[in-house]
Amino acid sequence: MYSAMISEFGQITLILALLVAAAQSVLPMIGAQKNDARLMAFGDRAATAQFVLLALAFIALTIVFVQSDFSTKLVAVNSHTDKPMLYKISGVWGNHEGSMLLWVLILGLFGALVPIYGKTLPAGLKARALAVQGMVGVGFLAFIVFTSNPFERLSPVPINGQGLNPLLQDPGLAFHPPFLYLGYVGFSMAFSFAIAALIEGRVDAVWARWLRPWVLIAWSFLTIGITMGSIWAYYELGWGGWWMWDPVENVSFIPWLAGTALLHSIMVLGKRHSMASWTILLAIAAFSLSLVGTFVVRSGVLTSVHSFAVDPERGVFILALLILATGGGLTLYALRAHKLRGGPEFTMVSKEGGLLLNNLLLCVAAFTVFLGTFYPLLVEAFSSDKISVGAPYFDRTFGPVMIVLVAFMGIGPLVKWRKDSWTSLKPHLLKSAVVIAVVTTLTFWLGKSVLGALSIGLAAYLAYSTCVAMGRKIKFGQVGSLKLLKAQPAAVWGFFIAHMGIAICMVGITGMSVWQGSEAKRLKLGESITVSGYEFTLKSITPGQEANFQKMTGLVQVQKDGEIVANLRSSQRFYPVRDMITTEAGIQVRFMKNLYAGVGEGDLETGWVVRAYVHPLVVWIWLGALMTALAGFVSIFDRGQRGPKT
Amino acid sequence: MKMTWKGLIPLFIFSLLGLIFAVGLTKDPSKLPSQLIDEPFPEFSLPDLFDPETQIDQTYLTGQVTLVNVFGSWCVACDLEHPTLRRLAAANEITMLGIDWRDTMEKGKRWLERGGNPYDRVAFDADSVLAISLGVTGAPESFLVDKKGRIRYKYVGPISDKIWRQEIKPIVLALEQETGANP
């Protein structure tokens, strides 16, 4: 068997990568200290070598999975010969060990990109940043090699594997972790460069402009990752929720909020030379929170405190890594904070002031979510009480912060840098009030909900203000505005698309929270329930058999005013290998409204549990979110923000 | 080296958070509140899941070392634990009493039919009658009851093969050495 060697090969490359990372974390740092060009250049080579070794290890693990080599424990526990090829491959990262390997692989990739794109960087800064990147690598590789080895052997070799969790056998989820990790790990660049800049004691505009695209990439991928998770939950979990304030979701959302603050403050630093401290702290925070996100999901700390103590080896390692990275970074900040210059003065009513407020609000929002997510854990740890913090908490705390944030999002982009006055904003505020009043009234007339109407009004105000800001930049309505439109830097387009995306997302969220219709009932064949004017009828139940699961498919016909508008097929899948049942909802996706039906357990005599939903505007949520992600990618191509100005 | 107080604030906040978590997370959650250890198993009388006409009570627990395991068909972590319990049952390692908690009879039975039934008997506790007197905080949770019917050990969370081997089995062996006769 060749596969026997492949596993060992992977093991060796992994250990070599650890050694290389160790050298990378020390030598370039010494080189930068002594101004030794050769030692500094070693960072470049080590970063490349580390990536190549990790890629080989990852390929080795993939081959082992594809070949269904059950002598490797990870494959035996997580795979099965009957599994479709796609899921054999996604099984590589659908478990703790493999996902950690994917994590360091992406870390290695970002590291290897530094020498390629960082030719213009000061040699010392680059060497130090690569050294820090190396340290992160050492931490993770040691974690993998010593506590979570993906190539561990199993003896005796089982005849077949235990299969992969069927919930993970879904294209949406198969590619969800890689995107999330590209986001999480992408923030390691911000972290490494923040630490390097702190060591050098210089955080300037050149640094900010170089780092900005990386923050944008990380942030955009994280946005996509979170969105995919939300879409997956919507159609896979079978009850039509798009966001449930579940700890696993929250821990990916917290770094997103910190990352959003970071990319705004790094823009200010690049343009106006202020907010250096904010940028550094947010860079450290975004990465630390990403670490928390990675670990919480994988170690299961949050689902239950118990699993943490069950595996104390990993738990202690995780805590140590977090404390070293964050504590180390913040200690360094404390030592160097006085060296970071404040930049030019600005008044509160200015673009800088607005962005400062934006940062504060985003931090408060992040802290709110953090508190809500971890509070139950703490209570459980200190007493024997078990509490759960659910949607009502988040609605009441996170909601208002977001509303204030959106209110300022409408004004911020219109304010001038450095110094502005409220009087110059008055005309815009008056017009905005009219927009809000008109849209709110119209929506209330149509939708009969005060809260919903106000929320849509606010979204309309955001979209209007964003368009006004864009219009001012291109001198809309004047001669040559088309030319100006073309000449706008990518960052302006990024701003426009992102803020419009948020407005669209807000409309979707409002639609789902206020006008959603739902009903659940046990239906026999031919019976129906009515939701928001739509009649859902259970037509038939058909059994079926697929490669790795059995299924029961229920056909639900939806009628409105006597006309058939949709035939929804929902199925329950039973995975014999894992002894698990999953529900696939039947969904008709439309721009304005989704019809959603889930058929649950039941039998001929008593009928089947049918859940029927009408989801207005839900697609807008993901459309808006993906628009913001796209905006991040667009902004990367801004020449003015990239590299030193020439 | 010059340091400012302002620069120390973030580090201070982080240390505080870290401290709280370090204390919170390293506390061993499987430790039982001391008032139940060495106490007799609380009196109860619950219907047998597979034979609702007959009742199971605490007398079932005397005479042998028993693993009392709280589970429910709704409990995801129980799915995780189940294979281990089945292996224990197959190897005849210990007498097991299952407590089907906050469940319906139908679902509980179906869950056991589908996954195999490792329990010698299963008591049905839909209304948390026993669960409350046991101070159960979640499922799965397991108790070791000695031959005299006293609780000697509690484990919170799913039992894995490793946990069984390293933590619970030694205690079981020790308990089996004890004589059950004298009061």
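Colleague: What share of the residues in chain A is buried?
Modeller: Buried residues account for 52% of the 646 in chain A. Keep in mind that this is a predicted model.

Colleague: And what about the radius of gyration, what would a compact globule have?
Modeller: For 646 residues, a compact globule would come out near 26 Å, and chain A has 26 Å, so the two agree. Along the principal axes, the C-alpha atoms fill a box of roughly 80 × 75 × 55 Å.

Colleague: How many of the contacts join residues at least 24 apart?
Modeller: 75%, counting contacts in chain A between residues at least 6 apart in sequence.

Colleague: OK, switching to secondary structure. How many helices and strands are there in chain A?
Modeller: Chain A has 20 helices and nine strands.

Colleague: Pick a helix. What does helix 5 of chain A look like?
Modeller: Helix 5 covers residues 96–117, 22 residues in total. Its first and last C-alpha are 32 Å apart, close to the expected 32 Å at 1.5 Å a residue.

Colleague: Is helix 5 of chain A enclosed or not, and why?
Modeller: Largely enclosed by the rest of the structure, because 17 of its 22 residues are buried.

Colleague: Now the sheet. What's the strand order?
Modeller: The order is 1-9-8-7 in chain A, an open sheet of four strands with antiparallel pairing. Strand 1 (517–523) and strand 7 (586–588) are at the edges with a single partner strand each, so each has one side without a neighbour in the sheet. From one strand to the next, the twist averages 15°.

Colleague: How many bridges join strand 1 to strand 9 of chain A?
Modeller: Seven, with strand 9 spanning residues 607–616 and the two running antiparallel. Within strand 9, A:Val609 is the residue opposite A:Arg522.

Definitions and conventions
Residues are numbered from 1 along each chain as its sequence is written. Chains are lettered from A and ligands numbered from 1 in the order in which they are written. This is a predicted model: local features need pLDDT of at least 70, side-chain atom pairs count only at pLDDT 80 or more; totals for chains, interfaces and linings use all residues. Two strands pair if DSSP finds at least two bridges between them. Axes are lines fitted to C-alpha atoms, for helices over the stretch in contact, and angles run from 0 to 180 degrees between N-to-C directions. The expected span of a helix is 1.5 Å times one less than its number of residues. A residue is buried if 20 or more other C-beta atoms lie within 10 Å of its own, exposed if 12 or fewer, and partly exposed in between; C-beta atoms are placed from the backbone. The radius of gyration is taken over C-alpha atoms; the globule rule is 2.2 Å times the number of residues to the power 0.38. Two residues are in contact if their C-beta atoms, placed from the backbone, lie within 7 Å.
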